[in-house]
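Visitor: I should like to examine this model with attention to the ligand site, the helix packing and the backbone. Could you guide me through it?

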Amino acid sequence: MMSIYSKIQALSKSVEDFNIKNKEDLESFRLQYVSRKGPLMTLFACMKTVAVAEKKKVGALLNTLKSSAQKKFSEAKNILYTPSSPHEVIADYTLPVADDLGACHPLSIITEKMVQVLQNIGFNLAEGPEIDTDWYNFTALNFPPQHPARDMQDTFFLSKDFLLRTHTSSVQIRMMEKNQLPLRIITPGRVFRKEAISARTHCMFHQMEALYVAKEVNFLQLKATLLYFVQNMFGSQTKMRLRPSYFPFTEPSAELDIACQVCLGKGCALCKNTGWVEIGGAGLVDPQVLLHCKIDPQKYRGFAFGMGIERIAMLLYRIDDIRLFTENDLQFLKQFKHVSF
Ligand code: PHE
């Protein structure tokens, strides 16, 4: 049997003699002499059987061999992988991408604009969770126990206690519970409803809610705020109207329409020949909702409005299919490359 000394000597010689000419050679050198599985490591494993008196000497020899193999490997690697001319560079990942920059998503552009417009008149950005409880999404907002929206058909329930919020009105409650009055907030966010996906409806979309609670709040202020918002979003000549409606959490309640952007009020397919398109809901905060948030309705009042962000983007950009927002079709997304507000 070969002594361990002769084995080390033989291995040292083959390390020395190994001629690394190219990257393949480098890899086989690595496998044999540098990797954890090669013969060198097997020799290290033999240390167990070496007599105690010899251990120190054998260990030192093995370590020298190991470092010379590693040195030979890194030197060869440096030479083989350093380009000698710029043409050899395969890819420089630090270079800027040639003319293929990304674009902002149309929903981000519109959300940003909506937030800006309302921030200009003192509303502050607020956020709430997408997974919420029955209390914040329904009960505190005065939804009666038998309201159809509470049905499994309309709402995604995650468990007995948790659901995916069906509107951003849930954030109103969280903000009123936590903050000092007066309060002026806007809360853009994603909402979920159990709807079949079609060109007009989706099970996941975005809304933006606005809430103002103070000592003196009236319907005229709500209407003026909506007009300011509509004209800043759609153009200073844009007409709007409020139609009486019903929401459990506002009283009185209204639906907000703007003059159709396609036919400018004359009547077309988009507005079903009415000249108007609905963009959201609004109203004065129901006193019962204030009470749920421990706010005295004798002292404070509020107004709120909420609207679908997709709907506004669709009107402004003349997008006729809501599914386009989530399909990641580059042909669609690239059209917003140079758009900003
Ligand atoms: N949350 C209502 C909806 O989703 C919209 C709304 C918000 C209505 C605020 C009135 C006040 O339809």
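The questions and answers below take these topics in turn.

Guide: This is a predicted model, in which local features need pLDDT of at least 70 and side-chain atom pairs count only at pLDDT 80 or more, while totals for chains, interfaces and linings use all residues. Residues are numbered from 1 along each chain as its sequence is written, and side-chain values use heavy atoms, with hydrogens and water left out.

Visitor: How many residues surround the ligand?

Guide: A residue is counted as near the ligand if one of its heavy atoms lies within 4 Å of it. The closest are His167, Ser169, Arg193, Gln207 and Glu209. The number of surrounding residues is 13.

Visitor: Which strand gives the most to the shell around the ligand?

Guide: Strands here are DSSP runs of E with at least two residues, and helices are runs of H or I with at least four, each numbered from the N terminus. Strand S5 (204-214), strand S8 (276-285) and strand S9 (301-308) each supply at least two residues of the shell. The most, three residues, comes from S9.

Visitor: How much of the ligand's accessible area does the protein cover?

Guide: Polar contacts (pairs of N or O atoms within 3.5 Å) provide the setting. A polar side-chain atom of His167 lies 3.2 Å from a ligand nitrogen, and one of Arg193 lies 2.9 Å from a ligand oxygen. By the Shrake-Rupley method with a 1.4 Å probe, the ligand on its own has 320 Å² of accessible area, and the protein covers 90%.

Visitor: Why is H8 described as oblique to H10?

Guide: Axes are lines fitted to C-alpha atoms over the stretch in contact, and angles run from 0 to 180 degrees between N-to-C directions. Helix H8 (residues 219-234) and helix H10 (residues 309-317) have axes 11 Å apart and pack at about 45 degrees. Angles under 35 degrees count as roughly parallel, over 145 as roughly antiparallel and 65 to 115 as roughly perpendicular, with the rest oblique. The packing angle therefore makes H8, relative to H10, oblique.

Visitor: Which residues of H10 make the contact with H8?

Guide: Contact means heavy atoms within 4.5 Å. From H8 the contact involves Phe229, Met233 and Phe234. From H10 come Ile312, Leu315 and Leu316.

Visitor: Where is Pro182 found?

Guide: A cis peptide bond, with omega about -5 degrees, joins Leu181 and Pro182. Pro182 is in the loop between helix H7 (169-178) and strand S4 (183-192).

Note on methods
A polar contact is a pair of N or O atoms within 3.5 Å; within protein, one must be able to donate a hydrogen and the other to accept it, and residues adjacent in sequence count only if both atoms are side-chain atoms.
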